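Reader: I'd like a close look at one part of this protein. Could you pick one residue on a helix, show me what surrounds it, and then work outwards?

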Amino acid sequence: MMLKLLRVVSATLFFLVLTLFFFDFTGYLPLGMHHLAEIQIVPALLTASVFSFGVVAVWIVLTLLFGRVYCSVICPLGVLQDVIAWYAKRFQRKQRYAFRKPRNLLRYGLLAACVGGFLLDLHLVLSLLDPYSVYGRLANSLFRPVVLAANNGLALLVNGMGYYGIYLVPNIASWPTVAISAAMLLLVGVLAGRFGRRYCNTICPVGSLLGLVSRYSLFRIRLRKDCISCGLCEQRCKAECIDSKAKTVDADRCVACFNCLGACKRGSLLYGIDAASKSVPQQTPRQTSQQTPKKPVQESTSLVSVSGTVRRRTFLGTLFAAIGASLGAVDTSTLHGVSKSSYKKNHPITPPGAGNIKRFQKRCTACHLCVTKCPAHIIRPAIGDYGLSGFLQPVVSFEHGFCNFDCVICSEVCPNHALVPLSVEEKHLLQIGKVCFIKENCIVDSQKTNCGACAEHCPTGAVKMVPFGKPEDALTIPEIDPDLCVGCGACESICPVLPYRAIYVDGNPTHLAAKPAFDPTQKQQEVKLDDFGF
């Protein structure tokens, strides 16, 4: 069956490429591959740009023509369900699908909750149910740690043999996110293993939305009137939308997988336009004995009719570890001091390009692509940082590093444009937070010893060292200029005082412009040398 083969090959390629982009920790794959995420429906709806509106319009037109091809080919969570269902079938003796009435109350109730939450700026339900974002969290929190653990294990082995082409990568696990992702994978896996696309047709808001459109699709699967109601197609329908006894197909739940077409041995199952879905004309016994019945010309020109049994295809094999995360990165720094004063940051730090917290939360669905692609590993899923409304949305944290002064990757890969793309020049003057200093926590004050690590790592001069104490002690202590600070966190990440740093960054609810470290309008003094300068 060519239609099914085309669907399987296309879905497999798209799924593997997108998954590899989430897994890629080497930077080998081009960042332009983030456009695969931009053609997902929910990110396109939230981006609200000319390109995104075009993406949504294309999907509406394709759905009106061919049904829910988005669900069967482009949606990564939908393809993952197909993989789980395909694998689960190996452990079942007989086909297990059967027609079931749609659960429209739950289905459209969840869709209404997502739409209402969007209009009221309460995006938690949409973030939790958006299929692309769900898969992104699964890839980042469950699947990617397994890949990193395998890489790190191999790196330890080959590094001991003197080969350093494979290197250790920090494998930082957010355990609440792992638990939530594991619960979602369990839900999706159970529904897919037993009922096929039950999640798509009952819970998924995108599936419900496309279902409203696909009921009017031009090309759809239908049963001819000469169908004997053997039930083979119904048993193969993972959308549970074929009622072989009533000879009907629920078009708004059909995901255009085409599994049913190859199951029909009489050619009574058709994929085509409504005007051609008529029964085969009955022939007299004399006609039957003289010649082999032929299909009507009208059907052969407007329908794709398939008969025979399609052999099971085994070229797609994917094995995911459902729940796994390796040990977090080891902090090898030496503890130099213990903090005397505690503090609480007034505002969380949103990633560069967020603009302000309200705008960021309105567009972000917590797909965690920025979390995955951040080379410094400073973006993590928020638990309580933003409150309930921003649950699992990305937040910047400096426990394991700081924001590279020249890095703009997170703003480039965001498919929702919750992070606006930034140039390196714009990033240099973007203030996502301001530096704060607690003198009594600093080891210069508490232990009367020099440090200066924060000033050494500050790229803008917002932290500098000034004389401290008695002249004979020759001590210097940090002095801060918050106007010069861009909130990169270099000072906070390197500070040796725990658990509360002596210097830290407090987030800006609205990103501001930092004062340039070097005033371009100030004329530099020209130095003339008579000979060599030494």
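**Around N151 and its helix**

Author: Start with the contacts. Setting aside residues up to four places away in sequence, N151 touches F25, I166, Y167 and V169. Keep in mind that this is a predicted model.

Where does N151 sit? It belongs to helix α9, which covers residues 131-159. Is N151 buried or exposed? Its relative accessible area is 13%. The cut-off for buried is under 20%, so N151, at 13%, counts as buried. One of its contacts has a polar side to it. A polar atom of the N151 side chain lies 3.0 Å from the backbone oxygen of Y167.

Now look at the helix itself. Two packed helices are described by the angle between their axes and the distance between the axes. Use both numbers for each pair below.

Take α6 against α9. Helix α6 spans residues 76-88, and its axis comes within 7 Å of the axis of α9. The two axes cross at roughly 65 degrees. On the α6 side, the contact is made by P76, L77 and L80. On the α9 side, P131, Y132, V134, Y135 and L138 take part. Sort these residues by type and you get eight nonpolar, no polar and no charged.

Next comes α1 against α9. Helix α1 runs over residues 2-23. Its axis comes within 9 Å of the α9 axis, and the crossing angle is roughly 60 degrees. Roughly perpendicular needs 65 to 115 degrees, and roughly parallel needs under 35. An angle of roughly 60 degrees meets neither, so α1 and α9 are oblique to each other. The crossing has a hand as well: α1 passes α9 in a right-handed crossing. From α1, the contact draws on F15, L18, T19, F22 and F23. From α9, it draws on Y132, Y135, G136, A139, F143, R144 and V147. Here the mix is nine nonpolar, two polar and one charged.

The third pair is α1 against α6. These axes come within 10 Å and cross at roughly 115 degrees. The roughly perpendicular range is 65 to 115 degrees, which is why α1 and α6 are described that way. This crossing is left-handed. R7, A11, F15 and L18 of α1 make the contact with P76, V79, L80 and D82 of α6. The residues divide into six nonpolar, no polar and two charged.

Some names come up twice. Y132 and Y135 of α9 are in the contact with α6 and in the contact with α1. F15 and L18 of α1 are in the contact with α9 and in the contact with α6. P76 and L80 of α6 are in the contact with α9 and in the contact with α1.

Now step away from α9, to R380. It is placed in strand β7, residues 379-381. Its relative accessible area is 28%, so it counts as partly exposed. Leaving aside neighbours within four places in sequence, R380 is in contact with V371, D385, Q393, P394, V395 and S397. With D385, the link is a side-chain to side-chain polar contact of 3.0 Å. R380 and A173 are 207 residues apart along the chain, and their C-alpha atoms are separated by 9.1 Å.

A few backbone details deserve a glance. Most residues other than glycine have a negative phi, and most peptide bonds are trans. S229 has a positive phi, near 55 degrees. It is in the loop between β1 and α13, and at 25% relative accessibility it is partly exposed. A366 also has a positive phi, about 60 degrees. That residue is in the loop between α16 and α17, and it is buried at 1% relative accessibility. Then there is the cis peptide bond joining L498 and P499, with omega about 0 degrees. P499 lies in the loop between β12 and β13.

Last, the whole chain. It has 22 helices and 13 strands. Of its 534 residues, 49% are buried. Among contacts with a separation of 6 or more, 75% join residues 24 or more positions apart.

Conventions: Residues are numbered from 1 along each chain as its sequence is written. This is a predicted model: local features need pLDDT of at least 70, side-chain atom pairs count only at pLDDT 80 or more; totals for chains, interfaces and linings use all residues. Side-chain values use heavy atoms; hydrogens and water are left out. Helices (H or I, at least four residues) and strands (E, at least two) are DSSP runs, numbered from the N terminus. Buried means under 20% relative accessible area, exposed over 50%, partly exposed in between (1.4 Å probe, protein chains only). A polar contact is a pair of N or O atoms within 3.5 Å; within protein, one must be able to donate a hydrogen and the other to accept it, and residues adjacent in sequence count only if both atoms are side-chain atoms. Contact means heavy atoms within 4.5 Å. Axes are lines fitted to C-alpha atoms, for helices over the stretch in contact, and angles run from 0 to 180 degrees between N-to-C directions. Ala, Val, Leu, Ile, Met, Phe, Trp, Tyr, Cys and Pro count as nonpolar, Asp, Glu, Lys and Arg as charged, and the others, Gly among them, as polar. Angles under 35 degrees count as roughly parallel, over 145 as roughly antiparallel, 65 to 115 as roughly perpendicular and the rest as oblique. A crossing is left-handed if the near helix is turned anticlockwise from the far one by less than a right angle, and right-handed if clockwise.
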